[in-house]
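Subject: Structure handover

Hello,

Here is the structure we discussed, with my notes below it. Please read the notes next to the coordinates.

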Amino acid sequence: MPTPLVEQRSIDVVPDAERHGTAFSQFTLWLGANLQITAVVTGALAVVFGVGAFWATIALLVGNVLGGAVMALHSAQGPRLGLPQMISSRAQFGVRGAIVPLLLVIVMYVGFFASGSVLAGQAVGELTHLGDTAGIVLFALVTAVAAAVGYRLIHTLGRIAGAVCALAFVSLSIRLLDRADLAALLHDRSFDFPLFLLAVSLSASWQLAFGPYVADYSRYLPRTTSARATFGWTLAGTVLGSQWSMTFGALAAAAAGDAFVGHEVSYVVGLGGGAAVITSLLYFVIALGKLTINVLNTYGGFMSLVTSVSGFRGRTTLSPRGRAAYIAGIMVAGTAVALLGKDSFLSSFKDFLLFLLTFFTPWSAINLVDYYAIARERYDIPALSDPHGRYGAWRWKALSAYALGVLAQLPFLSTTFYTGPFVTPLGGADISWLIGLAVPAALYWLLARRDTEHVPDRMILPPERTPAVRTTRVTWVGEFPDK
C-alpha cells in the first residue's frame, strides 16, 4: 500500500511496520531548523545587551552545547517510545496532570510561531511586494498547510532548508567578513561575568525550548535505532546550525550596530550586494528557513493540543477534519500575536526567550530524571492513555517538584517586567535556568526514587494493529486495550 501524502498518525504509537529513516535525519532537520533569521537575532541580542563579540561567541557556544545536550536527550526518547514528546510526560505528571506543563508549552508554540512570522513576514512582504502584514498572513497559511501534511514533509523541508540555507550562510558570512574587520571585532576581550551568563542563557533557552517537541520528529525512527546515534546527530545538527547563525548575528550586530538592530532582514539581504536576483533569492532563503522552524512549532502545538484534550476524552486517533481544526487554531492565534507585536519584536523576544526557561527547565529535568534514572526507559505505553491505570490521573510528587522548581527560579530571574532579589548580588546575572534544572531534578529524585510501583519490569507496548483507512478518518481493527 502506498504511503499516504498526509500523515495519518497523531498522538498514537507509531507501529514498527511504519518506522523508517536513520538517525542522520535528525542532523539535517535540526541544522535546517537553526540556520535561520531568528537564531541570528538571538545571537545579536548578546551584543545588543553589552557582551563583546569575542565573549559573546564563546558564551553562545556554551549555552548551545549545554541546552542542546538536554534537548538531544529528549530526542533519544523518540525511537524507543514511538510517541510525541509530551505524551511521555504523563508517566511523570499523570494522564491529566500533564496538562499543567502542556498549557505552557502551547503558549510557547504560539509565541515562537508569532516571532518567526514577524521576521519571515518581512521577507515574504518584500519578495511579493505586498507589505509586512500581508506577508505575515501569507507565510502563516503556507506554514499551516505544511504542518497539516505532517512528518515526512517536515523532514523533507529540513533537508532542503539545511542545504539551501547552509550555502546562503557561507556566502553571507564571507560578505560580512569582507565588509567588517574581524580582528577589530574580536579585539575587545573585556569580560563581564553577568553579561556572559546572559548570553549563555539566551542560547541555552533557545535549545531548551525545543525539548517539549524534539521527540515528535524522531518517533518514526526504527525502534532499533541507537539512542547514542539519535542523541549525537540531534546535538550536532542543533549546535552547528544555531551556533553558526548566532555567531553571524553577534558579529553583524558588533559590526553594524544600529544599522542591524531593528533592521535584521534588510541588513542580511543588503549583504547580497543589491542585485535584484540576489536580493529576491535572499528573501526566499530567509522565508524558507523560517518556514522550517515555524512548521515544527505548528506541528508541535497541534500535538500538544491533542495531548491535552485526549487526557480528558481518552482518544488517541484524530480525523483529518479535527487535525485541520487544531492546526488552524495554532495558526490563527500565532498570526494574531505576530500582527499585534510586530513593531516591538526585538525587546519582546528577548524577554520571551528568558521567561520560557522558567517553565521548561523544570519540566525537562523531571522528564529526563524519570525516563533515564527512575523508569530506566521502561514505560507502560497503553497506560499513558488511561487515567485509571498505572500512572493515574494526577501524580502529585511530580507536580509538586515542578511547582517548586518554577518558584525556586524567581529570586534569580531577570526580565524587564520582574527582577528577583538575588540578581543584584550576583552582579545582574540571570542563573534561573541553572536553578530550574538542578532543583526540580533533585526534588523529583528524592520524592520518586523509591516510589517505583508505576515502573513496569519492561517496556509494555500496545499490540500491533492494521489501520483501516477511510476517506474521513483513521480507525483501527479492534479496540485499544486501555479503553
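I begin with a patch on the surface and the helix that supplies most of it. Helix 13, residues 276–313, provides three residues of a nonpolar patch, the largest share of it. The members of the patch are Leu127, Ile278, Leu281 and Phe284, and their combined accessible area is about 320 Å². Leucine 127 is part of helix 6, which covers residues 99–128. Its relative accessible area of 32% puts leucine 127 in the partly exposed class. Please keep in mind throughout that this is a predicted model.

Overall form

The protein has 17 helices and two strands. For 483 residues, a compact globule would have a radius of gyration near 23 Å, and the value for this protein, 22 Å, agrees with that. The C-alpha trace spans about 65 × 55 × 40 Å along its principal axes. Buried residues make up 59% of the 483. The exposed area of the protein is about 18400 Å², with 67% of it supplied by carbon and sulfur atoms. Among contacts with a separation of 6 or more, 86% are between residues 24 or more positions apart.

Two buried arginines

Arginine 90 is in helix 5, residues 90–93. What does the side chain of arginine 90 reach at 2.9 Å? The partner is the backbone oxygen of leucine 384. Arginine 90 counts as buried because its relative accessibility is 1%, and the cut-off for buried is under 20%.

Arginine 219 sits in the loop between helix 10 (193–208) and helix 11 (227–256). Its relative accessibility is 0%, so arginine 219 also counts as buried. The side chain of arginine 219 is in polar contact with the side chain of tyrosine 299, at 3.1 Å.

Salt bridges

Side chains of opposite charge can pair when their charged atoms come close. The whole structure contains five salt bridges. One of them joins aspartate 16 to arginine 223, with 3.1 Å between the closest N and O atoms. This pair connects distant parts of the chain, 207 residues apart: aspartate 16 is in the segment before helix 1 (24–34), and arginine 223 is in the loop between helix 10 and helix 11. Aspartate 16 is partly exposed at a relative accessible area of 39%, and arginine 223 is partly exposed at 22%.

Aspartate 451 also takes part in salt bridges. With arginine 395, its closest N and O atoms are 3.6 Å apart. Here too the pair links distant parts of the chain, 56 residues apart, with aspartate 451 in the loop between helix 17 (432–448) and strand 1 (467–469) and arginine 395 in the loop between helix 15 and helix 16. Aspartate 451 forms a salt bridge with lysine 397 as well, and the closest N and O atoms of that pair are 3.6 Å apart. Lysine 397 lies in helix 16 and aspartate 451 in the loop between helix 17 and strand 1, so this pair ties together parts that are 54 residues apart in sequence. Arg395, Lys397 and Asp451 are thus linked in a network of salt bridges.

The members of the network have these accessibilities. Arginine 395 is buried, with a relative accessible area of 14%. Aspartate 451 is partly exposed at 22%, and lysine 397 is partly exposed at 37%.

Positive phi

Most residues other than glycine have a negative phi. Which value does phi take in histidine 129? It is positive, about 60 degrees, although histidine 129 is not a glycine. Histidine 129 is in the loop between helix 6 and helix 7 (132–149). With a relative accessibility of 71%, histidine 129 counts as exposed.

Arginine 376 likewise has a positive phi, near 50 degrees, and is a residue other than glycine. Arginine 376 is placed in the loop between helix 15 (345–374) and helix 16 (396–409). At 55% relative accessibility, arginine 376 counts as exposed, because the class begins at over 50%.

Regards

Conventions:
Residues are numbered from 1 along each chain as its sequence is written. This is a predicted model: local features need pLDDT of at least 70, side-chain atom pairs count only at pLDDT 80 or more; totals for chains, interfaces and linings use all residues. Side-chain values use heavy atoms; hydrogens and water are left out. Patches are made of residues with over 30% relative accessible area and no salt bridge: like charges are joined within 9 Å, nonpolar side chains (Val, Leu, Ile, Met, Phe, Trp, Tyr) within 5 Å. Accessible areas come from the Shrake-Rupley method with a 1.4 Å probe; for residues, only the protein chains shown count as cover. A salt bridge is a side-chain nitrogen of Lys or Arg within 4 Å of a carboxyl oxygen of Asp or Glu. Helices (H or I, at least four residues) and strands (E, at least two) are DSSP runs, numbered from the N terminus. Buried means under 20% relative accessible area, exposed over 50%, partly exposed in between (1.4 Å probe, protein chains only). The radius of gyration is taken over C-alpha atoms; the globule rule is 2.2 Å times the number of residues to the power 0.38. Contact means heavy atoms within 4.5 Å. A polar contact is a pair of N or O atoms within 3.5 Å; within protein, one must be able to donate a hydrogen and the other to accept it, and residues adjacent in sequence count only if both atoms are side-chain atoms.
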